[in-house]
Amino acid sequence: LRILRTIANFIVQLCLLMPKVYYEANVPEIEPLMVCSRNESMPNITVEPTVEFHPATTWNEGQDVQIASGSLWRRIFGHSSTSFMGRKIRLPCNRKDSIFPANKVQNQKYNILTFIPLTLCEQFKSCLNMFFLAMALSQFIPAIQVGFMYAYWGPLAFMFFITLCREGYDDLKRFKRDRELNQLKYQVLRPGGREEMKSSELVVGDVINVHKNQRIPADMVLLRTSDKTGTCFIRTDQLDGETDWKLRIACPFTQNIVNEMDFFRNDITVYAAPPIKDIHTFHGLVEKKNNPENGPFVLNVDNVLWTDTVLATGSITGVVVYTGKETQSYLKASSSSSKSSSLEHDMNIITIFSFLLMFFMALIELLLTLKVEFLSDTIVGFIRLLLLFSYVIPFSLRINLDLAKIFYAYSVSADKSNPGLLVRNSAVTEDLGRVSYMLCDKTGTLTQNCMMFKKLSFGTISYSGNALSELSELLAIAYRPTSLPEDDEHRKHAQTVREALEAIVICNNVTPTDTSIGSDDFDDMALKTAIPMITDEDYYQASSPDETALVHWARKLNVILNHRDIHRIQLIDPFENERNFKILQVFPFTSERKRMSIIVQDELTKEICLYSKGADIVIQRMVEQNDWLEEECSNLSREGLRTLAVARRVLSEQVYNEFAEAYKKAQFLLTNRNSAIEEALAKVERDMKLLCVTGVEDLLQKDVTVTLELLKSAGIKIWMLTGDKLETAMCVAKLSGLVNRNHRIVKLSPMMKMEEVKAEFDTSNSCSNKVLVISGEMAKICLERYLKQFFGYCENVSSVICFRCSPAQKAAMVRMIKGVNKSRVVAAVGDGGNDVAMITASNAGIGIVGKEGCHASMAADFSINSFSQLSPLLFTHGRYSYLRSSKLIQLIMHRGLIVSAMQFIYSYLYKSVTKPIFSGMLMLLYTTLYTMMPVFSFVLSKDMKSGVLLLYPELYKEFKSVRPVNWKSFIWWVVMSGFQAAAIVYFMGRFDCDETELETTAFSALIFNELLMVFLFIDTWNWFIFFCTVLSFIIYLLTLFFVDALFNVSYVYKYSFWWKAAALTTCSFGPTLFVYYLKRKCFPSKSSKLR
């Protein structure tokens, strides 16, 4: 208590000494402004800097950026008391006394001062570890001391030493990765020239150059690019997991600066709002004092480069606005909720039973001994009994399981027959052997997400992707002067085909990229003056594979997207004539709009056109009356094609100007901005001409049909959750074998009456051959109103197909299964960012590295390369992991139970209430040197060969039905351990020996019994387990013969010792062996029959 009081006083004094200085700070706060789609300058915007008082900040005259000073507490423990602030950066900035966070990558969890305290605190969050610590501390009290200090502190210290080594090794690796990034050097522009600095030395306000393939070291506003159009591409796969390149745009009046020193001569000021945790949002301004006619330039996310992205093309110059803990990379890196396996849950229940058993054993022993001997202090006696029986709770269980999980993760990653398997969360590896539900995405998971153009439909006529000659003839008629009259149907159709192809090429976000630009210095680089002819299709970059497939197909017809920047699009027609279009407005695709629109002006004819492309249900409301769109989309969807409707409208100059004015006003609104923008768009996105419907095919992944059949044979329910329309989802389900001709399809529609829905749910007992098809909207209704009935119905159907399902609804379906039936393990498989919510909500999240990037893979517990790898992941690795951990738990539990039972019987029969049956050193060696290796060697055990497990998936179904770790098995362990302990202790008392001879004999019988028990748990012969068992036996014999401090060595050399030890071992192990033999003979499992 004196020590604790001293520590508390020191902490109080430390807190009192921490600096708490408040200064007045000029912090410019920028109102969140809606940014134009083309980033046009906005002349009527002014920024009013506000004055804010903030702790530990300074703002002196002539100082252009601020830095948060740190207290002693912050420097030690790394916590900041400052909140995020907006900033005003005037170039050039003063780098001295900067108070924003240092630009250090710091993924370490600890430092020198916090490593041991924080690690120990994390360990002592476990009630089990707290119990062991309390037992060890109790031995400092003489009244309740029952053994030597090392018997309690030795295992505890060993466990914490292993934990410290593991945490220290992981943190050392993080430190090395951080140091490597922090020491990367960049060119910083100063008024006096260039200076090379480390990434960790950069501060807010630095102007730096970044070259091709370099990592972006801090969040920056893009000032200039090496491309004359002011654009560049970045790779964001390390930030958001998406593999497509992103286009970024420089500020127009900084892009035009030729000499880099002019950045500091033009009095440029950058305003940035406080950092927020959203990589798709940024609010800021760039202001140039000698440029009053254009006013400040409004910045959005297209003008910002986030930390950890990589520059894909050219070179750029940018100004740092956020560093260190204010960067998006740091803000986004939030720790996900921890997961634990179902086996861990079962083990916790067993631990509770062990606590109760220990308590009742001590209580019963106390009551029994009160008849024989009156205890002067009952409480002290009860505590001593608890300490004697504490081996019921296995001390080494947690550390053995942690080490086993590390080995499981290594064995999965080292599987050479299935390259690409990766474990990101080893805590749930055992759950792979207990999966009951598999929820999977469609696109990129069951399919390849590799789009191939298949059909172009105009309602009355359709063209396949191979009908190039017919379409080429029509395009020749449309592009060349012809003698056909204007009202000729053939000429009209040719003109429609031309308009459709141009719309396909224009209305997208596909960008031809030229990667030939290197990383030369700006001053030495001659900017391009001519647009080269794009000859390689691989130069096309887009966020959607559908759009890339369409542009590639149009290229085959010689309608080529040759160039695109923020201002202009250039097409090459079939006769190699250039067609240039000025981009007036772009309205990108969003999940709410479900369409993309673009307004362009033909530079030759000055015609203004609005093009729209998107989902048929949205385009239907925007086009003129037609009678074929819905039917044609349904026909294409039945063929398994993804459909997009394309429409066009010619706008007069007056209509466009009216729209532009209304749209610009809507952008500047601070309230109801989105609704005002949609209202302005609705005035032009109407009465459009429907041009065509495109159909692209997403091919099935390799061996998807076989894998799904194996999973269903293993008793796993397959649910397909997709955002696609009903027809596409059903087509893929039929092609993949998820739905066959014997299934009865039941569709639940939001239009159904609630009585009809309830009536269908009441038939759940007779729906094993049914497949439920439900929309995301209807699933939401069922989850809110009929949760239990809905789940009961889904549990009995063969499969569930949910179409038009949002990411949030996918996660809700996972939580429904977990919430209603907690004993079932739910696995989720996906490949895109829209699957992350579902993956993280599941018990075992599996991410596929695919076309949509590695976002799902990085967020998942397990990573695979293809859907077909689910079979070995579940049937082999999942089964082995669960089997090995369950055997490990059983052996360790038995090892503790038998010792506690021997102590219980010994204390009663020999009237030695508070005396341990074996010495503390023997017990320490018993749990470590003598039995640890054979027990832990079961991490290599196998009950079946991997080939047999993949050949007979029914074995997985049988394996799930057996739970080797539950309350029933715990009772069996208690009975078996009690019998074996009674046999050893009872017959030990029949021998005429002194105390040391009895201890040596009984302990030897205990060791022999435990080593023999190892062989009872072996399913197939394993040389490693045999070697570890024999080695432990030899080690024990060596100590038995030569360590006089532990055993009565002179007695060991006598024949009587050996026959007595053999008799005790036979009495304890013989009946157990007989019971196990009868069990395997009379009730063999399917796996044992195959063996």
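I would like to begin with four residues, Arg 498, Glu 502, Arg 579 and Asp 602, which are linked in a network of salt bridges. Please keep in mind throughout that what we are looking at is a predicted model.

Within that network, let me take the pair Asp 602 and Arg 579, whose side chains meet in a salt bridge with an N to O distance of 2.9 Å. Asp 602 belongs to strand β25, residues 595-602, while Arg 579 belongs to strand β24, residues 578-587, so this pair ties together parts that are 23 residues apart in sequence. Are these two partners buried or exposed? Asp 602 has a relative accessibility of 6% and therefore counts as buried, and Arg 579, at 15%, counts as buried as well, because the cut-off for that word is under 20%.

The network is one part of a wider picture, since a search of the whole structure finds 26 salt bridges. Another of them joins the side chains of Lys 810 and Asp 835, again at 2.9 Å from N to O. Here, too, distant parts of the chain are linked, with Lys 810 in helix α24, residues 807-820, and Asp 835 in the loop between β33 (825-830) and α25 (836-841), 25 residues apart. Both Lys 810 and Asp 835 are buried.

Finally, I would set beside these the salt bridge between the side chains of Arg 265 and Asp 262, for which the N to O distance is 2.9 Å. Arg 265 has a relative accessibility of 57% and so counts as exposed, whereas Asp 262, with a relative accessible area of 21%, is partly exposed.

How values were computed:
Residues are numbered from 1 along each chain as its sequence is written. This is a predicted model: local features need pLDDT of at least 70, side-chain atom pairs count only at pLDDT 80 or more; totals for chains, interfaces and linings use all residues. Side-chain values use heavy atoms; hydrogens and water are left out. Buried means under 20% relative accessible area, exposed over 50%, partly exposed in between (1.4 Å probe, protein chains only). Helices (H or I, at least four residues) and strands (E, at least two) are DSSP runs, numbered from the N terminus.
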